[in-house]
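Reader: I am new to this structure and would like a close look at one residue in it and its surroundings. Could you start from that residue and work outwards, explaining each term as you go?

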Amino acid sequence: QLQLVESGGESVHTGESLRLTCEVSGFTPGTYAVGWFRQSPGKEREGVSCISFNGNGTKYESSMRGRVTISRDNDSHRVYLEMINLKPEDTAVYYCAADVRESTSFPNMCLVAPLLYNYWGQGTTVTVTS
């Protein structure tokens, strides 16, 4: 069964750090890219970051660029999102998603475009208070 499960969300104060984890099951490493997205109350879902099919390529959106690092461990089937210097405007539900393909000509690439992602987790909540 194809599944993504996020964890690590919690309530923190401004300036603190968090690491979110996306545990992926039912996929073969190398056949999927992973993206992190977030949605705040009353706002549209926005992209945060993605990591490529082979883990060698990453992309960061302007929303959190410079304050997040994405990484993946194919041995443990986990993708991480390290977030530092958190701000109240980072309060949101964070989702990881997988762009699954049978094959790709661009294993080093990923795009932070929600429509490309065909499997989604349930989300983990991050709350940042001043």
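Author: Methionine 83 is a good place to begin: leaving aside neighbours within four places in sequence, this residue is in contact with Glu16, Ser17, Leu18, Leu20, Met64, Arg67, Val68, Tyr94 and Val126, where contact means heavy atoms within 4.5 Å. The model is a predicted one, in which local features need pLDDT of at least 70, side-chain atom pairs count only at pLDDT 80 or more, and totals for chains, interfaces and linings use all residues. Residues are numbered from 1 along each chain as its sequence is written, and side-chain values use heavy atoms, with hydrogens and water left out.

Met83 also belongs to the largest nonpolar core, which has 25 residues, and together with Trp36, Leu81 and Tyr94 it touches the most other members. A nonpolar core is a set of buried Ala, Val, Leu, Ile, Met, Phe, Trp, Tyr and Cys residues joined through side-chain atoms within 4.5 Å; buried means under 20% relative accessible area, exposed over 50%, and partly exposed in between, with a 1.4 Å probe and protein chains only. Two or more residues of this core come from each of strand S3 (18-25), strand S4 (32-39), strand S5 (46-51), strand S7 (68-73), strand S8 (78-83), strand S9 (92-100) and strand S11 (124-129). Separate from it is a second core of eight residues, which includes Phe37, Ala97, Val112 and Tyr117.

Strands are DSSP runs of E with at least two residues, helices are runs of H or I with at least four, and both are numbered from the N terminus. By this count the chain has eleven strands and zero helices. Its radius of gyration, taken over C-alpha atoms, is 14 Å, close to the 14 Å that the globule rule gives for 130 residues, so the chain is as compact as a globular protein of that length. The globule rule itself is 2.2 Å times the number of residues to the power 0.38. Of the 130 residues, 38% count as buried, and among the contacts with a separation of 6 or more, 62% come from residues 24 or more positions apart.

S8 is part of an open sheet of four strands in the order S1-S3-S8-S7, with antiparallel pairing; two strands pair if DSSP finds at least two bridges between them. The edges of this sheet are strand S1 (3-7) and S7, each of which pairs on one side only. On one side of S8, six bridges join S7 to S8 in the antiparallel sense, and isoleucine 70 has leucine 81 as its bridge partner in S8. On the other side, S3 and S8 likewise pair antiparallel over six bridges, with threonine 21 opposite its bridge partner tyrosine 80. Further out, S1 and S3 run antiparallel and are joined by five bridges, and leucine 4 stands opposite valine 24 in S3.

At the two ends of S8 there are loop residues with a notable backbone angle. Histidine 77 lies in the loop between S7 and S8, has a phi near 60°, which is positive in a residue other than glycine, and is partly exposed at 29% relative accessible area. Asparagine 85, in the loop between S8 and S9, has a positive phi near 45° and is partly exposed at 40%. Most residues other than glycine have a negative phi.

Tyr94, one of the contacts of Met83, leads on to arginine 38 in strand S4. The side chain of arginine 38 makes a polar contact of 3.0 Å with the side chain of tyrosine 94, and another of 2.6 Å with the side chain of glutamate 46. A polar contact is a pair of N or O atoms within 3.5 Å; within protein, one must be able to donate a hydrogen and the other to accept it, and residues adjacent in sequence count only if both atoms are side-chain atoms. Arginine 38 counts as buried because its relative accessibility is 5%, and its contacts beyond four places in sequence include Met64 and Ala92. Met64 appears among the contacts of methionine 83 as well.
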